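Please look over the sequence and the model below before reading on, and keep both in view as you follow the text.

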Amino acid sequence: MLLLFVLKVFVFPGPDVTSDVSVIYQGWYGTLRTGTFPQHDVTWQYPPAAALAILSPGLLPLLDYATAFFVLVCVTDLAVLALLTYAGRRPGRSLRGAWVWGVGVPLLGPTVYARYDVMVTAVAVAALLAGARHPKAMGALAAFGALLKVWPAMILLAARRRAAWVSALLTGIAVAGGFALLMPGGFAFLTSQRDRGTEVESLGALVFHVARHFGWRGEVRLNYGSIEFLGPYVSEVSTAALFLTGAAFGWLVLWRLLARRFEEHTLADAAFVAVLMFTTTSRVISPQYMVWLVGLAAVCLYFPASRMRAPVVLVLLACFVTVLEFPLYFGNVVASDGLGLTLLFLRNGLLVAATLLAARTLWRATVPRTLPAPAPTRPARTDETPVTS
């Protein structure tokens, strides 16, 4: 059904979500085929391996670029579902993960097929399923995923096997080095988002959505490839978002230092919490970011012992609200009217609740409580005169 929507056999309400592929991606495709990155295009904000996703429609030369891209994303979606289903039938595993994926992806609407995030999520899911049984494969896949879109690096947060880290390091050096030698400009993305504003769907944007009703003099404008707020105090709110992201990183480091109880599902649970934190506190919460959370949530529930069921339900509810705020009622969101504000407060509120609940659950499951020191016992007196009869 999603494929039919992006191919416009059926028309999904709201703005056209496929223009990123037919215009932006296809434009990048022409540049990347020449052996260089689109360095002077401010909308190119991705690590070097993202070029492989943009170039992938070339594998289907009989189709036009956009159609080939949509077909490949659909095949990738099917591959993730098949992988979760196959793995979920093993003893001691669960098919709940496959159900989470099968429900969560359609809830996001056609936007999810009009971006390359399903491809990135597929790599992350494969890495987590490799897990403790194949640490070298997990490390290699996590590093490759990070060079596709950074966030899969968080898969390694709870990795304890040295082989996983060595494999990730070697893979990262090999892939990044190859791009650096063969295609100039692969790391321009590191500074491309420096001057971004606050995207209208983000948590920080709620400040300006409300402030517009009290005379805030700013504007909503297409900037760096997304609709952002620009104007007074935007830089301060963006800085606050970066501070929250830094605080989240600090919490994760503290958790990693104090965690002592690691179970087979801890790797997936920790990755889910980390990506939740960084997504919720980001200056940008694009609809396609939700597919990252759906993929990680699916792997969490693939393990029957995972305690992340409640946060996963909240994420699925947030997916449903996401398709309402984009693309269905995005005009209301941009206008900051009552419906737009309600949808944003609900979606972002669900994400905040899921983040706090998941972090609390992870901490309680892995960090032992400090027990009070036992009271000292009273020593026996030795200066008393023994009683004799």
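The paragraphs that follow go through a few helices, a pocket and two single residues of this model, which is a predicted one.

A good place to begin is helix H6, which covers residues 117–130. At 1.5 Å a residue, its 14 residues should span 20 Å, and because the C-alpha atoms at its ends are 20 Å apart, the expected and the computed length agree. H6 is mostly covered by the rest of the protein, since 13 of its 14 residues are buried, where buried means a relative accessible area under 20%. Just after this helix comes Gly131, whose phi angle is positive, at about 45°.

Gly131 also leads us to an open space in the model. The second largest pocket has a volume of about 400 Å³, and of the 24 residues that line this pocket, the closest to its centre are Gly131, Ala132, Arg133, Glu264 and Leu267. Helix H6 gives two or more residues to the lining, and so do helix H7 (135–149) and helix H12 (266–280). When the residues of this lining are sorted by kind, 15 turn out to be nonpolar, two are polar and seven are charged. As for how such a space is found at all, rolling a probe the size of a water molecule over the atoms shows where empty space is left.

Helix H13, made up of residues 289–302, can be checked in the way that H6 was: its 14 residues reach 21 Å from the first C-alpha to the last, which is close to the 20 Å expected at 1.5 Å a residue. H13 is mostly covered too, with 14 of its 14 residues buried.

We can now turn to single residues, starting with Ser336, which lies in the loop between helix H15 (330–335) and helix H16 (338–366). Is Ser336 buried or exposed? Its relative accessible area is 1%, and because this value is under 20%, Ser336 counts as buried. The side chain of Ser336 is joined to that of Arg212 by a polar contact of 2.8 Å. If neighbours within four places in sequence are left aside, the residues in contact with Ser336 are His209, Arg212, His213, Phe229 and Leu341.

Gly177, by contrast, has its place within a helix, namely H8 (residues 162–182). Its relative accessible area is 26%, so Gly177 is described as partly exposed, a term for values between 20% and 50%. Along the chain Gly177 and Leu108 are 69 residues apart, and in space their C-alpha atoms are separated by 35 Å.

Note on methods:
Residues are numbered from 1 along each chain as its sequence is written. This is a predicted model: local features need pLDDT of at least 70, side-chain atom pairs count only at pLDDT 80 or more; totals for chains, interfaces and linings use all residues. Side-chain values use heavy atoms; hydrogens and water are left out. Helices (H or I, at least four residues) and strands (E, at least two) are DSSP runs, numbered from the N terminus. Buried means under 20% relative accessible area, exposed over 50%, partly exposed in between (1.4 Å probe, protein chains only). A polar contact is a pair of N or O atoms within 3.5 Å; within protein, one must be able to donate a hydrogen and the other to accept it, and residues adjacent in sequence count only if both atoms are side-chain atoms. Contact means heavy atoms within 4.5 Å. On a 1 Å grid over the protein atoms alone, a cavity is a set of points where a 1.4 Å probe fits but cannot get out, and a pocket is an open set with protein on both sides within 12 Å along at least five of seven lines; lining residues have an atom within 4 Å of a point. Grid points are joined across faces, edges and corners, and a volume is the space filled by probe spheres set on the points. Ala, Val, Leu, Ile, Met, Phe, Trp, Tyr, Cys and Pro count as nonpolar, Asp, Glu, Lys and Arg as charged, and the others, Gly among them, as polar. The expected span of a helix is 1.5 Å times one less than its number of residues.
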